[in-house]
Amino acid sequence: MDTTLALVLILAPLFGFLLNIFFGKQLGKTLSGAIGTFTVIVSFAVTLYFFLNITETNQAIQVKLFDWIAISDFKVDFGFLLDHLSLLWLMFVTGIGALIHLYSISYMHDDENMHKFFAYLNLFVFFMISLVIGSNLLIMFIGWEGVGLCSYLLIGFWYKNQDFNDAAKKAFIMNRIGDLGLLVGIFIVGFVFKTIDFAELKTIVLAGTMNNEMWITIAAIALFIGAAGKSAQIPLYTWLPDAMAGPTPVSALIHAATMVTAGIFMITRLYFLFDLAPLVQDAIAIIGAITSLVAATIALVQTDIKKVLAYSTVSQLGLMFLALGMGAYEIAVFHVITHAFFKACLFLGSGSVIHALHNEQDMRKMGGLRKAMPITFITMLLSSLAISGIFPLAGFWSKDEILMTAFHGNPVLWVIGSLASIFTAFYMFRLMFLTFFNDFRGTEEQKKHLHESPALITFPLIVLAILATVGGLISLPGNSWLNHYLAPFFPNKEHIAHALGQTEYILMAIATVGALVGIGVAYAKYMKQNQVPGADATFTGISKVLYNKYYVDEIYDAIFVKPINALSNFFRDFVEVGLSAFVFGFGKVANELSFQGKKLQTGSIGFYLFIFVIGFCAIISYLFIEL
Amino acid sequence: MDISLLLIILLVGAIATFLAGDKMASKVALFFGLVSLGCTLYLLSLFNAGQNLDLTMAWITKPVISFSLKADGLAFAMLLLNGILTPIIILSSFGNEVKNAKNFYALILFMSFAMAGTFLASDGLLYYIFWELALIPIYFIALIWGNGDAEERKKAVVKFFIYTLAGSLFMLTAFIYLYSKAGSFQLEALYNLDLSADEQLWIFLAFFFAYAVKIPLIPFHTWQANVYQKAPTVGTMLLSGIMLKMGLYSVIRWQLPIAPMAAKEYMNIFIGLGIAGVIYGSIVALRQRDIKKLLAYSSLAHVGLIAAGTYALNLDGFRGAVLQMMAHGFVVVGLFFAAEIIYRRLDTRIISEMGGIRTQAPAFASMFMILVFASISLPSTFNFIGEFTVLYALFQVDMWFAILGGLTIILGAYYMLKLYQHSMLGETNTKIFKDVTFSEGLVMVSIIGVIMFFGFYPKPLTDLITPSLETILLQINR
Amino acid sequence: MTTLIAITGLGVLCLIFEIFNLRKGIIPVTIIGLLATLGLTMSEYGTEASYYNNMIVVNNFSVTFSSLFIILTTFIVAMSHNFYSNHPTKISDFIAIKIFILAGAIAMVSFGNLAMYFLGLEILSIGLYVLAASERLSLRSNEAGMKYFLMGAFASGIVLFGICLVYGAMGSFDVAEIASLSRSAELPAWFFIGVVMIVIGMLFKVAAVPFHFWAPDVYEGSPALTTATMSTLVKVVAMATLFKLLVVLNAEMTYAFQMVIVVLSIASMTVGNIMALRQNNVKRMLAFSGVSHAGFMLMTLLSLSTAAGTLLYYTAAYSLAGIAAFAVILYVCRHNENEDIVNFHGLGKTNPVLAAVLTGALLSMGGIPIFSGFFAKLFLFSNTIESGYLFLVIIAVINSIISIGYYFKLILAMYGKEPNEERTATPVLYYAVAVIAILLNIAIGFFPSLIMDLM
Amino acid sequence: MDNVLNHIGIENYIFLSVILFCIGVFGVLYRRNAIIVFMSIEIMLNAVNLLFVAFSTYHQDANGQVFVFFSMAVAAAEVAVGLAILVAVFRNIGSIDVANLKNLKG
Amino acid sequence: MSTVLIIFYVLSAVTLSTAFMTIFSRNPIHSAIYLVICFFSIAGHYLLFNAQFLALVHIIVYSGAIMILLLFTLMLMNLNKEDEVHKPRLTRLGAVFSVLATCGILLSIFLRSKPIMGDYDTTGEDYQSIKVLGKVLLDQDNGFMIPFEFVSVLLLVAMIGAVLLSKKENSAK
């Protein structure tokens, strides 16, 4: 019974994908959209069933289909593991996925290969599910690279435009660099523990019999590189902002809610390994903090609405990694959930704005949309408040928990985190004021068509906004349902409930004040003085550096891409030519010798007889003259 | 009932196609290709049922040379590759009209016969004869039906022939030396012949030179790009799909068991060479203008990794190498066929002149995309299984080998996606590009089918090859 | 003994036919006669006998080689019908000379007495001087004849001197007596010098390196059929005789002598192959290829006791391939004067069968499998390695790689280039000889033990 | 009657015939006139015949001398054929100078 | 110094000098005559060995047949002195040195291979008179009968060759 259900859970999106790819054209737009959404809803329903089941029985379900690859040291079989963590993750993946599918039915309505879009979205959901419920590291790796493939397809969905394709290629290659790290991690785990099945791995590591300090640290580093690649942390984050080239639902689903959280899922899944590598945990924390600060600073001056949200995602992910670094896995998961809600809502909101302004993404050409698009405005306002961490909303609870643990762990990181939160508040409300307040800066023709997006777009917005506000309740500092739910997943960790001591209140106060300051400054700058950032060229000094993203792309290009191309040219023109000339050389030498030899054959009989006699002398003297 | 039935079918097929005249030649060839595939499967079923299919027949008495064939798991895997690919390759050539087709198809079947013989032969000299025989047809195919200007092609083809032959002649000297020591060319006799360390080194190097040219490994690969570009697509498919595997198969079957001490002693050098090939091939493939040359260097990279796997001397290395050989065989044939389809319509092989094919031929573009992603070994494709196992084997030797070897998935992604983008995406090309015909589609779909099926369920293959690889491994560590 | 008489009788019969003006019947009768003699020789296989005061010794060695020579001569005689079609009156003289050359060859292979050896050698040489110069009006043939005569006479002088010294040391021409005395302690130094001189004379005949200079010019100059005779029949006869001499005279193979043979073999192989690379006259190319094959065959002298079978196989493979190649060359170059590669352009299209035969012959000479050339080289290399000369085999391997270079130049010309003039109908006899020769070659390739077990 | 060699000794004859042989070789290399070359070849053969007879008396049997007969026959045959070729060459080139038989080369 | 030795020295001196003069004389006719004298001196040597029959046959064959043939050809081509041109100096020097080298080597070998001194056995009865020669030459089972027959084949080939090379291409079919 469970196997069939699990199969339904994973195969529904795949079935949707196949249906749309092959018969998409005949089905027509709405029908293919409907099928796409329906399959995700089916998965959501099955997840719900399993979720309710597991809350009572507290019993993880392990399904084994067939054994897949034969390796001498460990057995790799094709199977699924539905435990607390994966079901929790599935809940918001399929949930938000369904909403976004619904949203994109109308958003992508005027695109001629809309059936392809839904096919790729379904494929993405299929791979995401396999990533989450894979019973061993390799099945997770299938999902891991599968989602990378789908993000490549979806970013480059409008394939006629070459720089979209470049962005897609860059995303895929950057992910692949991370995947190499993950692969090496899998090798180490398989080599040391002789198994890569999560359940067995957990028991072996917790038993602590086969632990080898050095190998675990290297495994942790490798796995973190994989996570950094997928969840866009410092070294490998430049692909996420470029990934905004794809349609907005893609950015919402993949680059906000689901795929980028895969890194955190993996680290949480293998928490027992990271606990044994304290050094690596500190490194994760530091990198997380720095990423969040850097991304926040860049987001301050961005003019493209989706770029701002992209950098905000990178910054929030930084915070989550800060929490993971501190060992507070439940808090990181809590922030993942809340972040999924309000970031998806923000992205969808920005999508509906862009849709209304006929694909205009530059905030400098927006403004005053408050009256024209009330629902979008309210939902985005709620989400912005949530992300800035204002009191009742979800963001406040999850972000403060992270800052609290940061404060207890390492105060410096707490300072960086708070600074990042203040900047978050500032740029979020900068975005709000620029798009929704003061007067409309777009063209007349756009002004005429300004209208609120249809119901299919606004409904998901409303649901997500509600979730963003209510989301915080699942893990209040006092009694956190989430920690309680996840307790069986962390058998060896005693369940720490945050005592609401005196310092906690002060920290909360500081965080709220910081957020209000950020909003105030934004209000003063963009609302009161009605400032609008100038054209690209007018940026000077620090803002120019920030606007150009610290020139990180150019640096990467100079360090990696240019040298490889130069090396390739060098190989192609010199080494290849040289090597083949060397090989041809033998032939030429023989030819040259032969050419000279022909001169020896003079044709005169005297010469031949002369050589005859010389040969005769040589042989006789060699044989008979003993000197 | 023994394994020589397959060889007979292929030989009779070659002769029949030759006599069938130009019109019917391609159909007769396809028929015999499929018959040989059927016969391989039938023999495989017999083999699995435990029947011994070996054949030993005395042939020459003075130096004792016997016509002996041995079919074990490893050989059957290769026969499967040969059996499946030959009809696919023949089917793929239906699109373009071939002048004096009867010779063309007869040579293809004859080459398939010779390669099957190489996989089966268990007598050193018989193996060497089949090894040389396989060289002659590809020489004529590339010479007579090749493209590009005649002078340039001639130079490339002759260089290829002499280069490969030079390598194999040194192998012949090694075989004769072994014969003078062991008294017979039989595989078993050569296996349990205990040679001194430096004798083994010399023999290892003699074999290595022959196989390094054939595989090809780094410094010996200069012939590959030119011949792949100049040869007709069918020739390139035969070369890259099956012929490279003769070299790799022989490393496992002949070179390592006969000279294990040398293999163990210089293992790091040879693995290093293989991995250098991977990185070198990928980087050169980056800036290639001609699609066939790009695919040639990409197969140089893949094959470098396989060779590194074989020289890792552990069960995973062997198993991964054999799986990767088969996977690479299918993928590379598919990719070259895609290049041929593009050539048939746009009449160009230069990547910059292509573009925007996806808008005009979505079906072809998606099939080509699946092949592109299979070649960079996306998980759940057949290549991933092979590559994962090979990289794990390299990891067991040394972590850094695995990491350097792993670079292939990054560099591979880089140039393959670059190829896909410049040829398929972007603005529509001026020339019309009508979508895939039935026969072309059949070929592509069958290749993709094989890749996907073995991607998800490689168990039958691994069970087929594991016992024979274990015996070879026992032989190596004796 | 009967074969020698039969062959001589056949020669005379040929002349008689001329007298009775029955020129049409000469070639068929000769071929039938030769085949009959072949049967006769084969019947003598296995018997060990010596006739007429040990003048003629019949053993396996002489019988097998004689039958090989008879086969080669039948091919050559068959080809001469078309070749001499434009001066019919002299047909009988040519055929007679060829038969007497065969007689000389058989004498050289089955001699029991040095007198018979020397006379056989002289008949062979004089017959060839005549054939080389047979085209009176062509300047090239005259020059070839003159060069061959002068060098040949000089070499015969040295051979005679050698025989004289051997006689001086031993007191008798009979080979059996010489063999028994040759290992006795107190034998004068002249014996070994005599043997060396005879060997040098034969090296000239085989065209080994220091003495090979005559070969390319004479091969190119003399008429194509004579070149065919020289490159196949005469080279094989000379090699067999050299082998037999060293075996029969039982001279003690000192280390220095083996070194000389090794050096000569390497030199011949290398010079032959290197020089052949840039030739564009096909006969000249085959001359140099002959020099390199002489180098290969010299390697058999290093293992005299075991290499008889290998030598027989190698000579059979090489000569049959040579006959097939020359049959095609005769057909392609029968009109035009020079035998440049240009004439072979596009032969693959105009006459695919002959092109295939020539390709087969060249592949066999190059040592590519399924053709007997490959097995010949294989047996040769295994013998040489057993006698401990591994580095010689490595050099031989490198040389066979170089040899592929020029064999494929011709194959490339046939298949790669466009034909420059259409071909008329091929004379049946060339066709038949070419196909039969290459089929024999492949047959030996498939069943090498047919030949190897004879010896 | 005693053996004449008792007085002269076989070595002297060997030296004589070797020197004569070398003069013949010298003639072949030195002169360009074909006739003179033929004559020097005759000298070489005669040198050998002389040695044959010397050895024949040395061994006191007739084999050597019989061989001389054969050698003479061979020399005669050679000269006949040689001159025939020479005449043919002379008719074509008009000279019997060995040096200008040079156009077969390379 | 027995008289025989003196005769030997005189004869060998004559032989060597005439041989040398044949090579060096300008006029081919002179060299032909020197050659004839050389042949006579060699016949003298045979007589010294008491091989009368051989000496006579030698004179008949060589001076009688071969020299006549050579002279005949000389006359046919009416060669005379002045068109005698010498090879370039370098090759002549080369020829001289190479021949001297060979001669030196051979002589030194023979010198060093100390021949068996001591007296030469004499068999008493004559072994080289015509009767004995005839028997040795033509005896079937212990003589040289087969080579004798074989020489006939040799001469036949020489005849056919000579005829073939000189017969004009007559048109008669």
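**Helix pairs, a chain contact and an all-helix chain**

Hi everyone, let's start in chain C, where C:Ala215, C:Pro216, C:Tyr219 and C:Glu220 of helix α9(C) meet C:Lys283, C:Arg284, C:Leu286, C:Ala287, C:Phe288, C:Gly290 and C:Val291 of helix α12(C). Sorted by class, the residues of this contact are seven nonpolar, one polar and three charged. Before I go on, please keep in mind that what we are looking at is a predicted model.

So how do we talk about such a pair? Two packed helices are described by the angle between their axes and the distance between those axes. Here, α9 covers residues 214-221 of chain C and α12 covers residues 282-298 of chain C; they pack at an angle of about 145°, and their axes are 8 Å apart. Is the crossing of α9(C) and α12(C) left-handed or right-handed? It is right-handed.

Now please turn to chain A for another pair. Helix α5 runs over residues 137-155 of chain A, helix α6 over residues 162-193 of chain A, and the two pack at an angle of about 175° with axes 8 Å apart. Why do we call α5(A) and α6(A) roughly antiparallel? Because angles over 145 degrees count as roughly antiparallel, and the angle for this pair is about 175°.

If you want to find this contact on the screen, look on α5(A) for residues including A:Phe141, A:Trp144 and A:Tyr152. On α6(A), the partners include A:Phe164, A:Phe172 and A:Leu182. The residues of this contact divide into 14 nonpolar, three polar and two charged.

Next, let's see how chain A meets chain C. The contact involves 22 residues of chain A and 22 residues of chain C. Which elements of chain A give two or more residues to the side that touches chain C? They are α24(A), residues 552-600, and α25(A), residues 605-624. The largest share of that side of chain A comes from α25(A), with 12 residues. By class, the side of chain A that touches chain C has 14 nonpolar, seven polar and one charged residues.

Last stop, chain E. How many helices and strands does chain E have? There are six helices and zero strands, so to speak a run of α-α-α-α-α-α when you read along the sequence. Chain E has 173 residues, and 29% of them count as buried. Taking contacts in chain E with a separation of 6 or more, 44% are between residues 24 or more positions apart.

Thanks for listening, and do have a look at the structure yourselves!

Technical notes: Residues are numbered from 1 along each chain as its sequence is written. Chains are lettered from A and ligands numbered from 1 in the order in which they are written. This is a predicted model: local features need pLDDT of at least 70, side-chain atom pairs count only at pLDDT 80 or more; totals for chains, interfaces and linings use all residues. Axes are lines fitted to C-alpha atoms, for helices over the stretch in contact, and angles run from 0 to 180 degrees between N-to-C directions. Helices (H or I, at least four residues) and strands (E, at least two) are DSSP runs, numbered from the N terminus. A crossing is left-handed if the near helix is turned anticlockwise from the far one by less than a right angle, and right-handed if clockwise. Two residues are in contact if their C-beta atoms, placed from the backbone, lie within 7 Å. Ala, Val, Leu, Ile, Met, Phe, Trp, Tyr, Cys and Pro count as nonpolar, Asp, Glu, Lys and Arg as charged, and the others, Gly among them, as polar. A residue is buried if 20 or more other C-beta atoms lie within 10 Å of its own, exposed if 12 or fewer, and partly exposed in between; C-beta atoms are placed from the backbone.
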